[in-house]
Amino acid sequence: IFLGKFIICSDMFSTERYIAAQGKLIASRMQKCGGKLYVEVGGKFLHDDHASRVLPGFEPTCKCSLFKSLEIPFALIFCINAKDIIGKRVWRTGETYTETVLRVLQSYKDAGLPTPHVAINMCQANSELPEEIKTLRQTLGGAGFQTFVRYLIANYPNDLEYIVGPNGFQQDDHIKVDEQLVLVTSPGSSSGKLSTALGQILLDKVKLGVSSGYAKFELFPIWDLPLDHPVNVAYEAATADIGDFNEVDTFHVKAHGVQAVNYNRDVAAFPLLNTIIQKIAPEGSFMFDYKSPTDMGMNAASQGILPGNEEGYRDASVKEIESRIGRYEAVGHAQAVEKCKELLEKVKGWKPSA
């Protein structure tokens with residue numbers, strides 16, 4: 001692959017090795033769960049262009065291919081944010097949030113995936129649904145999608161007793177699925193995937209007496225690569241516009257004595273998230289063994305990285321960060337531009353550990 005002044009080999013990453021290793025992780029987690037497993041899918045599910053650029057050889061559609069290859073029946077819950085529907089959120093591409101929702105759901109159908117159940121998150125409790133939400137539900141219903149309403153919870157996620165009570169998760173529509181593997185996806189950030197998964201675990205236990213669990217399907221940052229590895233730094237550039245950054249998972253180091261990389265929001269949220277899990281999880285749940293946010297994740301991306309390509313990964317990451325700078329400049333995001341310029345210098349000066 002020729003990218004500007006860089007020549008980057010396309011055989012630096014083995015998708016086949018990655019799928020095999022990631023598939024084993026998922027199967028192992030399902031075995032530990034012993035019941036229904038809700039898997040929050042991070043990043044782009046159908047087509048991950050960022051991954052294919054910074055991991056040359058990564059097939060952009062391989063996440064979808066991976067779950068199909070498991071030969072395990074699975075269900076899909078697609079989470080959307082009611083506030084973004086009502087507020088008519090517009091992406092940088094000019095596409096509205098509602099247009100994105102309809103397009104992505106159609107893409108799921110076109111890809112031959114199970115028909116998603118649509119969770120409409122962050123609706124106002126004790127009030128009639130806004131016309132925008134009613135209209136969207138009618139549109140989705142006409143296209144064959146079931147919709148489920150989930151409500152804003154006062155003091156979420158801090159008031160634990162309220163969250164698990166009748167005015168918390170228990171007021172939400174319960175999405176009943178038969179499959180033991182349930183993928184929780186979304187069209188973008190702030191769509192309520194984690195909240196949906198946790199709410200489902202509680203409702204399964206309270207309403208059905210069913211034991212369920214939670215895990216996260218991760219790709220970036222790659223937890224067992226160094227914090228300053230170009231691939232991880234390139235991911236930080238990709239999220240510079242929302243202020244995310246990578247850091248050492250100190251919970252993982254303390255619990256296991258192993259260095260791990262995660263991103264700031266997951267590390268910061270872990271103590272509170274772990275407290276919620278302790279409250280909602282069924283007795284004897286495997287989730288009680290989660291000692292860090294990295295423990296919650298399933299990420300075998302490093303298994304696909306082929307040795308001897310350190311300079312190639314650096315060059316691919318430099319190209320990616322330069323591209324991000326251009327995008328942020330185009331929309332006038334000065335803070336993200338400045339951040340990416342710092343990251344660019346870091347990657348250019350990177351040398352692999354001996």
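Strands here are DSSP runs of E, at least two residues long. With that settled, I note that the model is predicted, and I start from a lysine.

**Entry 1: K216**

I looked up K216 and found the residue in strand β8, which covers residues 212-217. I then checked its exposure: the relative accessible area of K216 is 7%, so K216 is buried, the cut-off being under 20%. I asked which side chain K216 makes a polar contact with. The partner is the side chain of D266, at 3.1 Å. I also listed the contacts of K216, leaving aside neighbours within four places in sequence. They are E40, Y263, D266, M296, G297 and M298.

**Entry 2: the second largest pocket**

G297 and M298, both in contact with K216, came up again when I turned to the second largest pocket. W223, T294, G297, M298 and N299 are the residues nearest the centre of this pocket, out of 19 that line it. Two or more lining residues come from each of α1 (15-33), β10 (261-263), α12 (293-296) and β11 (297-298). Helix α12 gives the largest share, 3 residues. I recorded the space in the pocket as about 250 Å³. By residue class, I have the lining down as 8 nonpolar, 7 polar and 4 charged.

**Entry 3: salt bridges**

I went on to charged pairs. Side chains of opposite charge can pair when their charged atoms come close. How many salt bridges does the structure hold? The count is 15. I looked up three of these pairs.

I took D48 and K63 to begin with; their side chains form a salt bridge with an N to O distance of 2.9 Å. D48 sits in the loop between β3 (36-41) and α2 (49-54), while K63 belongs to helix α3 (residues 62-69), so the bridge ties together parts 15 residues apart in sequence. Are these two residues buried or exposed? D48 counts as buried at 6% relative accessibility, and K63 is buried at 1%.

My next pair was R53 and E320, whose side chains meet in a salt bridge at 2.6 Å, N to O. R53 is in helix α2 and E320 in helix α13 (residues 310-330), so this pair ties together parts that are 267 residues apart in sequence. I noted the exposure of each partner: R53 is partly exposed at 31% relative accessibility, whereas E320 is buried at 2%.

I then looked at D172 and R150, which form a salt bridge with their closest N and O atoms 3.2 Å apart. D172 lies in the loop between α7 (160-163) and β7 (181-185), and R150 lies in strand β6 (residues 147-151), so the pair ties together parts 22 residues apart in sequence. I have both D172 and R150 down as buried. I also checked for shared partners, and salt bridges of that kind join R53, E320 and R324 into one network.

**Entry 4: I276**

My last look-up was I276, in helix α11 (residues 264-280). I276 counts as buried, at 2% relative accessibility. What is I276 in contact with, leaving aside its neighbours within four places in sequence? I listed P157, L160, I163 and L198. I also took a distance from I276 to N121: their C-alpha atoms are separated by 19 Å, and the two residues are 155 apart along the chain.

Note on methods
Residues are numbered from 1 along each chain as its sequence is written. This is a predicted model: local features need pLDDT of at least 70, side-chain atom pairs count only at pLDDT 80 or more; totals for chains, interfaces and linings use all residues. Side-chain values use heavy atoms; hydrogens and water are left out. On a 1 Å grid over the protein atoms alone, a cavity is a set of points where a 1.4 Å probe fits but cannot get out, and a pocket is an open set with protein on both sides within 12 Å along at least five of seven lines; lining residues have an atom within 4 Å of a point. Grid points are joined across faces, edges and corners, and a volume is the space filled by probe spheres set on the points. Helices (H or I, at least four residues) and strands (E, at least two) are DSSP runs, numbered from the N terminus. Ala, Val, Leu, Ile, Met, Phe, Trp, Tyr, Cys and Pro count as nonpolar, Asp, Glu, Lys and Arg as charged, and the others, Gly among them, as polar. Buried means under 20% relative accessible area, exposed over 50%, partly exposed in between (1.4 Å probe, protein chains only). A polar contact is a pair of N or O atoms within 3.5 Å; within protein, one must be able to donate a hydrogen and the other to accept it, and residues adjacent in sequence count only if both atoms are side-chain atoms. Contact means heavy atoms within 4.5 Å. A salt bridge is a side-chain nitrogen of Lys or Arg within 4 Å of a carboxyl oxygen of Asp or Glu.
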